[in-house]
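Open your viewer, pull up a chair and keep the selection box handy. We will walk from one stop to the next, and at each one I will say what to select and what is there.

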Amino acid sequence: MFSPELAINALVAGLLLGGFYAAVTVGISISFGILDIVNIAHPAFIILGSYIAYLLNIEFGIDPIIAAIIAVPAFYALGAAIYQVYYLAFEKRGRAALSGLAFFFGILFITEVLLILVFGVDYRYVQASYIDQSFNFGFINLPKRMLIPCLISLLMFIVLQLFLSRTFLGRAIMAVAQDQEALRLMAASPIRIKRIAFAISIATASLAGAFLIIIQPVEPSVGREYIGRVFAICVLGGLGSLPGTIIAAMLLGVAESFTATFYGPSWAPAVSFGILLLTLAFRPAGILGR
Amino acid sequence: MRSGAFFLIALAVGALIFGCARAINNDYVFFAGYTVLQFIVLATAWNILGGYTGYVNFGSAAFFALGAYSSVFFHKLYPMPIPVLIVFAAVISGLVGLGMGYLTLRLRGAFFAIATLALAVVLQTLIVNWNYVGGSRGAYVIRPSTVAFLGNYIQYLFLIMLVLAVVALTIARTIEHSSLGYGFATIRDDELAAEASGVPTLKLKLIATTLSGALMGMAGAPFPYYIGYLQPSSAFGLEYAVNSIAMPIIGGTASWAGPLIGAILLGTLQQYVTVTISSSVNVLIVGVLLVAFVVVAPNGIMGLFQSIARRLRHDRKPA
């Protein structure tokens, strides 16, 4: 069974998959890692993003990634609205823990069932010229449907990292995680900063959704497989650390790719959980944790 | 009221319900009633951890399925009566609850919630890959059509679930009025202060997860007999995860009566919607109700009653 060629291909496929996982996780890294909002509905928003990319692609023939960029403002507005409800209902009243989790859990189901009612449970896919092409370097196979999402995802990370570390707004977002009082003394409203940050986190779901539907056909309940993955990556990377998120996403991608290649794809979902539990048990701060 | 007295009263109410159901003598009443009773057990079990200690378990479906599949496993190994299978299911689910709790409960509350969410996915992966219990194809459990004394087998299953519901409610109420319950409440209100005052918080949380997991497993144990053909997708169904959270929160998490009220109301509503509209609308309604209650009435129906009662008392006072 084991051959070096298979192993190298599994490694490359895992790294590409990891790039995509990074895009899926970045929203959680911001909302859970920085803002301490346990947004378990994030994967549902990613699926929503997939379906919007699907609609624009089928109706107008727009490339899924361009479609996702068009949809970013709408997702941003959705995120801002959700944060406003969350703030008024939970953070302000100081009961974020149990009720907040139940709130997002409810949103997860509402989104999923609405998608089922509108689109049904059939698998949907998009069309783009690059989807069935691939680069070949000797025996190494680089399918473009994996490569393009991975590259754009890395680009998105660089932009976000620059935004968070170089701009006033970005630094204010990082500061929210540390000391809200100090932020208020700097004449920046923590609520406004958190609303912007949460809106950005939901906006990333638009792109991640487009990547997902490029990589594989999508049906409404696919999102649930990603809940374990995104939180495993987020925790493994160290909460709130974007470079940590990329490293952890690549690690998980490679681990899953090897599992799928050598044990069979039906075992892959269990990998993330194993990693999550091991991280929580032995190094809860993650790789690049604070 | 002492716990013993509560148990006897609950048992008497249960006997009355069973008598009424027999008087109606329609199989559908038993089928639908079984589902509602099963939700009472699940909601009560969830509330022992979620309501009393404030730790959210999203993996109810996993514990439920664990119970169901432990029945399938032991049934294939050696056919045993259902009450014995329920005990096995309780032990297995309780141990899984303990293990999960031990790994994640030392950290912030959110990690436990996330780990339980992932647990459902992984257990489902394991079951799908495990051919002995049917794998992804599912497993048939052939149930006898009749049973001694009662006649129809569904009546026997109904009776078992009724007893489980009485047991679960008694446990929940006993905890509420014991030092264990006060310990749980300190964790919910301020874990740090509790720890500082010498409350053994980790030990109490582990007791809560084990108990809650065991009860959920018990609710799942008779399920293969009820459904006849057990598939991973039905055992790990969405409705168990969402309902066992929605029911206590909508009913009110502070006392044993909340999950009971929530389960009866939502359970009956869903039986009605499933028959008249469709089962995906069903999950939608529960999701919308859950979000609405969490935002507008976070103390649930019990909380609404209490605030109305309080207002009435204020009005009656002479100005």
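Which handedness does the crossing of H9(A) and H11(A) have? The crossing of H9(A) and H11(A) is left-handed, a term used if the near helix is turned anticlockwise from the far one by less than a right angle, with right-handed meaning clockwise.

Before going further, a word on the ground rules: this is a predicted model, in which local features need pLDDT of at least 70 and side-chain atom pairs count only at pLDDT 80 or more, while totals for chains, interfaces and linings use all residues. Residues are numbered from 1 along each chain as its sequence is written, and chains are lettered from A and ligands numbered from 1 in the order in which they are written.

**Stop 1: H9 and H11 of chain A**

Stay with this pair and select residues 223-237 for H9(A) and 268-282 for H11(A). Helices here are DSSP runs (H or I, at least four residues), as strands are (E, at least two), numbered from the N terminus. H9(A) and H11(A) pack at an angle of about 35°, and their axes are 9 Å apart. The axes are lines fitted to C-alpha atoms, for helices over the stretch in contact, and angles run from 0 to 180 degrees between N-to-C directions.

Now show side chains. From H9(A), A:Glu225, A:Gly228, A:Arg229, A:Phe231, A:Ala232, A:Val235 and A:Leu236 meet A:Pro269, A:Ser272, A:Phe273, A:Ile275, A:Leu276, A:Thr279 and A:Leu280 of H11(A). Two residues are in contact if their C-beta atoms, placed from the backbone, lie within 7 Å. By class, the contact of H9(A) with H11(A) has nine nonpolar, three polar and two charged residues. Ala, Val, Leu, Ile, Met, Phe, Trp, Tyr, Cys and Pro count as nonpolar, Asp, Glu, Lys and Arg as charged, and the others, Gly among them, as polar.

Next, click A:Ala268, which also lies in H11(A). A:Ala268 is buried, with 20 other C-beta atoms within 10 Å. The cut-offs are 20 or more other C-beta atoms within 10 Å for buried, 12 or fewer for exposed, and in between for partly exposed, with C-beta atoms placed from the backbone. Leaving aside residues up to four places away in sequence, A:Ala268 touches A:Glu256, A:Thr259 and A:Ala260. Draw a distance to A:Val24: the two are 244 residues apart in sequence and 17 Å apart in space, C-alpha to C-alpha.

**Stop 2: H8 of chain A and its partners**

A:Val24 leads to H1(A), where it is one of the residues that contact H8(A). Select residues 4-34 for H1(A) and 190-215 for H8(A): these helices pack at an angle of about 160°, with axes 8 Å apart. That makes H1(A) roughly antiparallel to H8(A), on a scale where angles under 35 degrees are roughly parallel, over 145 roughly antiparallel, 65 to 115 roughly perpendicular and the rest oblique. The contact of H1(A) with H8(A) has 15 nonpolar, four polar and no charged residues.

Add H6(A), residues 168-178, which packs against H8(A) at about 105°, with the axes 9 Å apart. H6(A) and H8(A) are therefore roughly perpendicular to each other. Here A:Leu169, A:Ala172, A:Ile173 and A:Val176 of H6(A) meet A:Pro190, A:Ile193, A:Lys194, A:Ile196 and A:Ala197 of H8(A).

Two loops are worth a click. A:Ser189 sits in the loop between H7 and H8 of chain A and counts as exposed, with 12 C-beta neighbours inside 10 Å. A:Asp36 is in the loop between H1 and H2 of chain A; its phi is near 65°, a positive value in a residue other than glycine.

**Stop 3: across to chain B**

Colour by chain: 36 residues of chain A are in contact with 35 residues of chain B. H4(A) gives the most to the side of chain A that touches chain B, with 15 residues.

In chain B, select H8(B), residues 201-220, whose end C-alpha atoms are 29 Å apart. Of its 20 residues, 17 are buried, so H8(B) is largely enclosed by the rest of the structure.

Finish at B:Ala23 in H1(B), which is exposed, with 8 other C-beta atoms within 10 Å.

Note on methods. Expected span 1.5 Å × (residues − 1).
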